[in-house]
Amino acid sequence: MTESQLDPEILRAVIARELTGARQRTALLTDSVDEADLVRQHSPLMSPLVWDLAHIANQEELWLLREVGGREPMRPEIDPLYDAFEHPRSERPTLPLLPPEEARAYGHEVRGRVLDLLERARFSGPRLLGDGFAFGMIAQHEVQHDETMLITHQIRAGSAVLTAAAPGPAPADALRLPPEVLVPGGPFTMGTSTEPWALDNERPAHQVDVAPFFLDTTPVTCGAYAEFIADGGYDDPRWWTEAGWDHRQRAGLFAPLYWSRDGGQWTRRMFGQTEPIRPEEPVMHVCWYEADAYARWAGRRLPTEAEWEKAARLDPATGLSRRYPWGNADPSAELANLGQQFLRPAPAGSYPGGAAPCGARQLIGDVWEWTSSGFGPYPGFSAWPYREYSEVFFGPEYKVLRGGSFAVSAVACRGTFRNWDYPIRRQIFSGFRTARSAVLSPELA
Ligand SMILES: [Fe+2]
């Protein structure tokens, strides 16, 4: 959303486009499997797909029809079933969930009424309606579940049901890129007070001083990660934090999730198909502990969240923070790998047009990038529109991920967007890049 899109008629069209696009993806992800697959729980970490389907509709009804439109609940008896806070994922298959056809019909009914509401909506007055925020929040919610459902597809056993084109090869200059780029020291504006659909944890904008540092030009690749494995990285406690080493041993980690050894080479399972790993592709499905251990092995560290955002947003020519690494324009297929257009990250060094002023590529899209930071509120944070969106998760037990993945839609991806998860999680489309400080500490200087 840019300021020029805030004209009410343009805004109405943008909202309709985002809601419709999200629903097409939801339909594809849930129509591509049979009934049994829809109601089955593929992992205790995930909901049955049919839960996501009705939960998307229930949240849309709650926020748009009831909160914005002032309507009575359509099916109040199902609200508790689809309240993510009442039932953890592991418990959801035991609930009397709507069967697939009923869930689809409910979603269809809600969406019809929402589009009627949108026709007449005025984007002013109550804060929830200002700049169409509630509609934007619901569009983001649905695409976030589209990513969650794609994770379920990746976990699901059985033959492949999803197909997509493959990203093109890396551009000719990818092999000549410097391995790291310098991000100059000094203050920059982190977070936002102006992005219309930014969520509460991205607000408000505030100044942060960041010392100069070097950041990997691209995310760490499968090839580089395989070297860490080959060098005994998983067997050497020197590279792991105490908690990380403990987890590595108890969980029996030896490679990224979905990787296995086939004779002399690594293969991996991707959406129901097994293939040799592609050395040039960003590594994916690693937990924070693995990312952190790799960085230590490489003599480096994970970037802090502030470092990541500064690399992605600061325009040194103006001193201003951009919405995206390439500027303020919305993402497009030429700039970043987003929106499940491909079902994999693009080779490292892709998307030169999407590079940040510092020269780093693929900060937006491809893989979520672990940072070293815990998840906390910015100075001046206030929970909105509900505490459970962010505030209840604040704490060092969660680590922040940045930049979005190939599975995220543009509407839920921007330079300020913050994701968070436990450091043991690896079913998510998570990768990382490493950093090092550019200034030696006084003792070393
Ligand atoms: Fe949700």
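1. A search of the whole structure, which is a predicted model, finds 32 aromatic pairs. One of them joins F228 and Y294, whose rings are 5.7 Å apart centre to centre with 75° between the planes. That geometry makes the pair edge-to-face.

2. F228 belongs to helix α6 (residues 222-230) and Y294 to helix α8 (residues 288-297), so this pair ties together parts that are 66 residues apart in sequence. Both F228 and Y294 are buried.

3. Y324 and W326 form a pair with another geometry. Their ring centres lie 4.9 Å apart and their planes meet at 5°, so the pair is stacked. Y324 counts as buried, at 2% relative accessibility. W326 has a relative accessible area of 14% and is buried because the cut-off is 20%.

4. Some aromatic residues are joined in a cluster by ring pairs. Its members are W63, F85, F375, F381, Y386, Y389, F393, F394, Y398, W420 and Y422. In the sequence, a reader can find part of this cluster at F393 and F394, and another part at W420 and Y422.

5. Two tryptophan rings have a charged residue over them. The charged end of R92 is placed over the ring of W51, at 3.8 Å from the ring centre. Over the face of W288 lies K399, 4.5 Å from the centre of that ring.

6. Which residues coordinate the iron ion? The donors are H55, H141 and H145, each through its NE2 atom, at 2.2 Å. Along the sequence, the spacing of these donor residues is H-x85-H-x3-H.

7. Two of the iron donors, H141 and H145, sit in helix α5 (residues 133-155). They are four residues apart there, so about one helical turn separates them. Both H141 and H145 are buried.

8. E18 is part of helix α1 (residues 8-31). Is E18 buried or exposed? Its relative accessible area is 18%, which is under the 20% cut-off, so E18 counts as buried.

9. What does E18 touch, once neighbours within four places in sequence are left aside? E18 is in contact with A139, W197 and V411. Of these, V411 is 393 residues away from E18 along the chain. The C-alpha atoms of E18 and V411 are nevertheless separated by 7.3 Å. Another contact of E18, A139, lies within the span of helix α5 (residues 133-155).

Key. Residues numbered from 1 in each chain as written. Predicted model: local features only at pLDDT ≥ 70, side-chain atom pairs only at ≥ 80, totals over all residues. Heavy atoms only, no water. Phe/Tyr/Trp six-rings, centres within 6.5 Å; stacked < 30°, edge-to-face > 60°. Buried < 20%, exposed > 50% of the residue type's maximum accessible area, 1.4 Å probe, protein only. Lys NZ or Arg CZ within 6 Å of the ring centre and 35° of its normal. Donors = N, O, S within 2.8 Å, 3.2 Å for Na, K, Ca; no water. Contact = heavy atoms within 4.5 Å.
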